[in-house]
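Okay, thanks for squeezing me in. I'd like to walk you through one structure today, so have a look at the screen.

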Amino acid sequence: AVQMYLAPRAIMAHGLCSGMFEPNNSMVAGCGQAVDLTRPLLYGVLEAAHVQYIFVVLQQYLDDLALQVEGARRIILQTIRTVAEIVQRGLDELLIPISIKTAIVASDKEL
């Protein structure tokens, strides 16, 4: 599967075909092994945050990451930003981009 990701590919759409190119930053849509291939890559990033904040739940869903903090408002406010910054630094070091669609979902508008 790793060799498949590194193989040259072309894009076909509307009866047209691009020239061959080497991929450098994406997963193949629908790949059943995508989660297994990304888990070792992301493990160190998520573990670095979890070790510092053991009560924070960090989960990976294919190419989505979820950081979950439950508890008193002051704990959430003190924690979530710091944990997000730890994860951001780790992803930056791995040259993994963060989508502009990234969002924080909270149970309270003030959070």
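I'll go through the two longer helices I picked out, then the core, the side-chain pairs and a couple of odd backbone angles. Before anything else, please keep in mind that this is a predicted model.

Let's start with helix α2, which covers residues 34-52. How far apart should the ends of α2 be, given its 19 residues? At 1.5 Å a residue you'd expect a span of 27 Å, and the end C-alpha atoms sit 28 Å apart, so the two agree. That said, α2 does have a bend of about 45 degrees at Leu-42. Leu-42 is also one of the buried residues of this helix, along with Ala-34, Thr-38, Val-45, Leu-46 and Ala-49. And what do those buried residues pack against? The answer is α1 (2-6), β3 (57-61), β4 (64-68) and α3.

Now over to α3, residues 73-93. We can run the length check here as well: 21 residues at 1.5 Å each should span 30 Å, and the end C-alpha atoms are 31 Å apart, which agrees. The buried residues of α3 are Ile-76, Thr-79, Val-83, Ile-86, Val-87, Gly-90 and Leu-91. Covering them you'll find, among others, α2, β3 and β4.

Two residues of α3 deserve a quick stop. Thr-79 is in this helix, and with a relative accessible area of 4% it is buried, since the cut-off for that is under 20%. Setting aside neighbours within four places in sequence, Thr-79 is in contact with Tyr-53, Phe-55, Val-56 and Val-69. Arg-74 is in α3 too, but at 54% relative accessibility Arg-74 counts as exposed. Arg-74 and Asp-108 are 34 residues apart in sequence, and their C-alpha atoms are 13 Å apart in space.

Next up, the core. In soluble globular proteins, nonpolar side chains tend to be buried together. Here the largest nonpolar core has 13 residues. Which of them touch the most other members? Those are Ala-49, Tyr-53, Val-56, Leu-58, Val-83, Val-87 and Leu-91. Both α2 and α3 supply at least two residues each to this core, and α3 gives the most, with 5 residues. If you want one residue to click on, try Val-87: leaving out residues up to four places away in sequence, Val-87 touches Val-45, Ala-49, Leu-58, Leu-65 and Leu-67.

On to aromatics, and this is a short one. Searching the whole structure turns up 1 aromatic pair. Tyr-53 and Phe-55 are the partners, arranged edge-to-face, with 6.3 Å from centre to centre and 85 degrees between the planes. Phe-55 has 42% relative accessibility and so counts as partly exposed.

Then the charged pairs. Side chains of opposite charge can pair when their charged atoms come close. The whole structure has 2 salt bridges.

One joins Asp-36 and Arg-39, where the closest N and O atoms are 3.8 Å apart. That's just inside the cut-off of 4 Å. These two are 3 residues apart in α2, so about one helical turn separates them. Arg-39, at 42% relative accessibility, is partly exposed.

The other joins Arg-81 and Glu-85, at 3.1 Å from N to O. Those are 4 residues apart in α3, again about one helical turn. An α-helix has 3.6 residues a turn, so residues three or four places apart point the same way. As for accessibility, Arg-81 is exposed at 61%, while Glu-85 is partly exposed at 30%.

Last thing, the backbone. Most residues other than glycine have a negative phi. So where do we find positive ones here? One is His-14, with a phi of about 55 degrees. His-14 lies in the loop between β1 (12-13) and β2 (16-17), and it is exposed, at 83% relative accessibility. Another is Leu-95, which isn't a glycine either and has a positive phi of about 60 degrees. Leu-95 is in the segment after α3, and with a relative accessible area of 75% it is exposed.

That's my tour. Happy to spin the model around if anyone wants another look.

Definitions and conventions:
Residues numbered from 1 in each chain as written. Predicted model: local features only at pLDDT ≥ 70, side-chain atom pairs only at ≥ 80, totals over all residues. Heavy atoms only, no water. Phe/Tyr/Trp six-rings, centres within 6.5 Å; stacked < 30°, edge-to-face > 60°. Buried < 20%, exposed > 50% of the residue type's maximum accessible area, 1.4 Å probe, protein only. Salt bridge = Lys/Arg side-chain N within 4 Å of Asp/Glu carboxyl O. Core = buried A, V, L, I, M, F, W, Y, C linked by side-chain atoms within 4.5 Å. Contact = heavy atoms within 4.5 Å. Expected span 1.5 Å × (residues − 1). Bend = angle between axes of the 7 residues up to and from the residue.
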